[in-house]
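Please work through the following exercises with the sequence and the 3D structure open beside you. Each one sets a task and then gives a solution that goes step by step.

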Amino acid sequence: MKPELGGTRTVESPPPRRQAPADAISLRGVSHSYADLQTLAGIDLGVPAHGVLGLVGPSGCGKSTLLELICGLREATAGTIEVGGAADPAQRLRRCAFMPQRDLLLPWYSAIDNAALALRNQGMGRREARAAAAGLFERFGLEGFEAVRPDELSGGMRQRVAFLRTLIAGKPALALDEPFASLDAITRAEMQEWLAAALRTDPRTVVLVTHDVEEALYLSDRVAVLSSRPARIVAELPSPAPRAEDRDAAVTDPAFVATREEALRALREGAR
Amino acid sequence: MRRWLLPLSLIALLLGLWQLACSSGAIADALDLESFLVPSPAEVASSLWDNRGLLAENAWVTLREMLLGIVAALVVGVGFAVLMHRWRVLRDAAYPLIVASQTIPIVVISPILVVWFGYGIAPKVLIVALICFFPITVNALDGLRSVDPEAVKMMRSLDASRWQRFRRVEAPAALPSLFTGIKIAVVVAPIGAVFAEWSGSSSGLGHLIQSDTAYYLVARQFATVVVLSALALALIGLTALAERRVVTWR
């Protein structure tokens, strides 16, 4: 049995359709504070279904907090967040799969059991879950690594398994928190191409946090630049070539380079 | 090979020196004692053999006290650690108490427990359990708390229920630390058992050592100590073996 990864796996009925092309993820006037420390100040953002939004900003500006808010792992101090039309945090949690900064593969499970974690949590038996994950291992270049323990995998392989684990959950929205931050430059470029291909074959609504402007521009349809704390949006730039098949050509294209410089300028100004 | 060879040679060397010091009468002369009060390793070995039935009988009594006590501490300690991990209020309330309970020397409470529970096995098991409870509970709790909060968020967003989070992330993460606690417990268990027997009993290795004092059976006392420490070593070995079987990811 092949898992339906394109569709939603949510139990409740699909959200009501609106007249305008409603955003799959939308944030209106979202603010957040930890006690006296304000981290986010009036964030407005929208991601259309199957769109990828990149979030870049200075370190510690609240990018990760924003992701946790979207996923319903945390509650905003003010403003509304909707994922697939649902504003309730528990409902958002059901529609989002969160990929944390480090891969956090569980060392006591094999690669395939790590990838199939969501299916097991959703009540599937071990054999079934493994069979479902095995198809994806094949499709995403992880064949032969099913039974391997995470500590025997390379950094890039670990990120692939971690991403598959997120994808397999079958949720319409993915929240990726600096997925490739721990990788070296070569592996990172490879992984960006890999992720671009994965999203081409299995499109989802994605919010991608990264500190790498080039990565954000290559993988996203649009990139929002955040200022330092309390974070607000200082620029929103459309990417010239989202997830292009030829990454090297895309990132050296003059339009791409110009957008990258513009984003970097906004980032520097916002950091002041 | 080297791992075993070095400590074994050291033991052989020490036994040799001891044997030499005894057979030449050096220790007995220096302490101004009769030579039968300072048994040589050879005499201890022959006592070990001559008293094998008696020692085995009493070893079984003490071993049973230790095992039951360790198992009781394991059940209660792990249960308590899980509850304290689940309910912070309970942890904040009980943790200082658990630490404070460790300041009470076991020697002091064991006679009281004998008064309460009599000369049977119950007070011994209770004392061993009391002494093992602390390392097991504290280490199990530390293990549960060592879980990466990011991993918990990841599991929540992968639809894990509270129980699934415990079963798939927190419990396995706590296992190495729990085994550390069990190893400490296994080392202190014989101390608890011996103190408990000294407070009132009619059998067991601790009882044997105590009653032999009256008859100056020093060689047999040494033999008893050898058996007691062999029991503890065997338990440590078994724990290490179990850890290797269970914690396969380290």
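The exercises below go from confidence to overall form, then to the sheets, a single loop residue and the contact between the chains.

**Exercise 1. Find out how much confidence the two chains carry, and where in chain A the pLDDT is below 50.**

Step 1. The model is a predicted one, and its scores are ipTM 0.82 and pTM 0.82.

Step 2. For chain A the mean pLDDT is 85, with 92% of its residues reaching 70 or more. The stretch below 50 covers residues 1–14 of chain A, and beyond near neighbours in sequence this stretch has 16 contacts in the model. Where pLDDT is low, the predicted coordinates should not be read in detail.

Step 3. Chain B has an average pLDDT of 91, and 100% of its residues score at least 70. Within chain B, helix 4 (residues 52–86) has the highest confidence, at a mean of 95, whereas helix 2 (residues 26–31) has the lowest, at 83.

**Exercise 2. Compare the radius of gyration of chain A with that of a compact globule, and describe how its contacts are spread along the sequence.**

Step 1. Begin with the make-up of the chain: chain A contains 10 helices and nine strands.

Step 2. A compact globule of 272 residues would have a radius of gyration near 19 Å, and the 18 Å of chain A agrees with this. The C-alpha trace of chain A spans about 50 × 40 × 40 Å along its principal axes.

Step 3. Of the 272 residues in chain A, 48% count as buried. When contacts in chain A between residues at least 6 apart in sequence are considered, 69% of them join residues at least 24 apart.

**Exercise 3. Work out the order of the six strands in the open sheet of chain A, and establish whether strand 3 is enclosed or open to the outside.**

Step 1. The six strands follow the order 5-6-7-3-8-9 in chain A, and their pairing is mixed. At the edges are strand 5 (96–99) and strand 9 (233–238) of chain A, each of which pairs on one side only. Neighbouring strands of this sheet are turned against each other by 15 degrees on average, direction ignored.

Step 2. At one edge, strand 5 of chain A runs parallel to strand 6 (residues 173–177) of chain A, and four bridges join them. In this pairing Met99(A) has Leu176(A) as its bridge partner in strand 6.

Step 3. Strand 3 of chain A is joined by four bridges to strand 7 (residues 205–209), with the two running parallel, and Leu53(A) has Val207(A) as its bridge partner there. Four bridges also join strand 3 of chain A to strand 8 (residues 222–226), again in parallel, and in strand 8 Ala224(A) stands opposite Leu55(A).

Step 4. Now consider burial. Five of the five residues of strand 3 (residues 52–56) of chain A are buried, so this strand is largely enclosed by the rest of the structure. Both of its faces are covered, with Val52(A), Gly54(A) and Val56(A) buried on one side and Leu53(A) and Leu55(A) buried on the other.

**Exercise 4. Describe the open sheet of three strands in chain A, and explain what being at the edge means for strand 2 and strand 4.**

Step 1. This sheet has the order 2-1-4 in chain A, and its pairing is antiparallel.

Step 2. Strand 2 (37–47) and strand 4 (78–83) of chain A each have a single partner strand, so one side of each is left without a neighbour in the sheet. From one strand to the next, the twist averages 25 degrees.

Step 3. Strand 1 (residues 25–34) and strand 2 of chain A run antiparallel and are joined by seven bridges, and the bridge partner of Tyr34(A) in strand 2 is Leu37(A).

**Exercise 5. Locate Asp253(A), and decide whether it counts as buried or partly exposed.**

Step 1. Asp253(A) lies in the loop between helix 9 (247–252) and helix 10 (254–271) of chain A.

Step 2. Because a residue needs 20 or more other C-beta atoms within 10 Å to be buried, Asp253(A), with 15 C-beta neighbours inside 10 Å, counts as partly exposed.

Step 3. Apart from neighbours within four places in sequence, Asp253(A) is in contact with Pro240(A) and Ala241(A).

**Exercise 6. Identify which helix of chain B gives the most to the side that touches chain A.**

Step 1. In the model, 14 residues of chain B are in contact with 20 residues of chain A. The elements that give two or more residues to this side of chain B are helix 8 (149–157) and helix 9 (162–198) of chain B.

Step 2. Helix 8 of chain B gives the most, with six residues. The residues on this side of chain B divide into seven nonpolar, two polar and five charged.

Terms used:
Residues are numbered from 1 along each chain as its sequence is written. Chains are lettered from A and ligands numbered from 1 in the order in which they are written. This is a predicted model: local features need pLDDT of at least 70, side-chain atom pairs count only at pLDDT 80 or more; totals for chains, interfaces and linings use all residues. Two residues are in contact if their C-beta atoms, placed from the backbone, lie within 7 Å. Ala, Val, Leu, Ile, Met, Phe, Trp, Tyr, Cys and Pro count as nonpolar, Asp, Glu, Lys and Arg as charged, and the others, Gly among them, as polar. The radius of gyration is taken over C-alpha atoms; the globule rule is 2.2 Å times the number of residues to the power 0.38. A residue is buried if 20 or more other C-beta atoms lie within 10 Å of its own, exposed if 12 or fewer, and partly exposed in between; C-beta atoms are placed from the backbone. Two strands pair if DSSP finds at least two bridges between them. Axes are lines fitted to C-alpha atoms, for helices over the stretch in contact, and angles run from 0 to 180 degrees between N-to-C directions. pLDDT is the predictor's confidence in each residue, from 0 to 100.
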